[in-house]
Amino acid sequence: MFQVGDKIFYPMHGGGIIEKIEEKEIFGQTQLYYVVNIPHRNMQVMLPLDKTEKLGMRPIVDSAQLDAVLSTIHDDCETAPPMNDTQRQRLNMSKIKTGDIYEEIEVIRDLLRIRNKRKLGMADKNMLDNARQILISEVVLVKDIPLEQATYMLDKMFDGD
C-alpha cells in the first residue's frame, strides 16, 4: 500500500505524488481512493486502492535504475520484423500501458530511429511526444529536478541517437 507523499508512476499519465487517501461513494459503493497529483499534466486523478496493481500503478524507479534505463537508449537492438504503421502503433501503445520503464524507453528508442530515417507520421510523432513526456515526468520525480532541466537532459541524450 502506498502512503501520502509517495512518488508513483501511473501508466499513460506519468509520474505523480499521492496527495491524500480518501473515502468516496461512487455508484452506491464506498471505496478508498488515492488522490494523485500529476504535475506535468496539471491534473489530479483518483485511483481506487484495490485496483492499483491492475491499473499498473507502481513506485517510481530509483536513481540507479533510471540511469541504467537511460543508458540503453543508444543500444543496438534486434532488427524488428517489418510492420505497418497500425501494427507498430498498437505494439507501442501496449508497451506504454504496461508502465514498465524499459518498455517505455524501447518505444522512444524505436521511434527515434525511424525519425532519423524518415519523417514520422502524425500518429508516430504523437506517440513519441507522449512517451517522452511520460518519461520526463518520472525523471523529474526521481532526480528531483525542474521539468525544464529534465526535458533538456533527455533531449540532449535523444539527439545523440
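In this predicted model, the largest nonpolar core holds 29 residues, and those that touch the most other members are L66, I108, L135, V139, L154 and F158. Four elements each give two or more residues to this core, namely α2 (63–70), α4 (101–117), α5 (122–143) and α6 (147–159), and among them α5 gives the most, with nine residues. The surroundings of L66 illustrate how parts of the chain meet: when its neighbours within four places in sequence are left aside, L66 is in contact with V61, I101, V139, V142 and K143. Another core lies apart from the one just described, and its 11 residues include Y10, V36, V45 and M57.

The strands were examined next. Five strands form an open sheet, in which they follow the order β4-β3-β2-β1-β5 and the pairing is antiparallel. The edges of this sheet are β4 (43–48) and β5 (58–59), each of which pairs on one side only. Strand β3, which spans residues 29–38, is joined to β4 by six bridges, and the two strands run antiparallel; within this pairing, V35 has M46 of β4 as its bridge partner.

Helix α5, already named as the element that gives the most to the largest core, is also placed against the sheet. This helix lies across β1 (7–10), β2 (14–26) and β5, and runs at about 95° to β2. One of the residues in α5 is S137, and, with its neighbours within four places in sequence left aside, S137 is in contact with H13, G14, G15 and H40. The relative accessibility of S137 is 3%, and S137 therefore counts as buried, since the term applies to residues under 20% relative accessible area.

Aromatic side chains were considered last. The count comes to one aromatic pair, formed by F2 and Y34, whose rings lie 5.8 Å apart from centre to centre. The angle between the planes of these two rings is 75°, and the arrangement is edge-to-face, because planes over 60 degrees apart are assigned to that class. This pair links distant parts of the chain, as F2 belongs to the segment before β1 whereas Y34 belongs to strand β3, with the two positions 32 residues apart in numbering. Both partners fall under the cut-off for burial: F2 is buried with a relative accessible area of 14%, and Y34 counts as buried at 2% relative accessibility.

Terms used: Residues numbered from 1 in each chain as written. Predicted model: local features only at pLDDT ≥ 70, side-chain atom pairs only at ≥ 80, totals over all residues. Heavy atoms only, no water. Core = buried A, V, L, I, M, F, W, Y, C linked by side-chain atoms within 4.5 Å. Buried < 20%, exposed > 50% of the residue type's maximum accessible area, 1.4 Å probe, protein only. Contact = heavy atoms within 4.5 Å. Pairing = 2+ DSSP bridges. Axes fitted to C-alpha atoms, helices over the stretch in contact; angles between N-to-C directions. Phe/Tyr/Trp six-rings, centres within 6.5 Å; stacked < 30°, edge-to-face > 60°.
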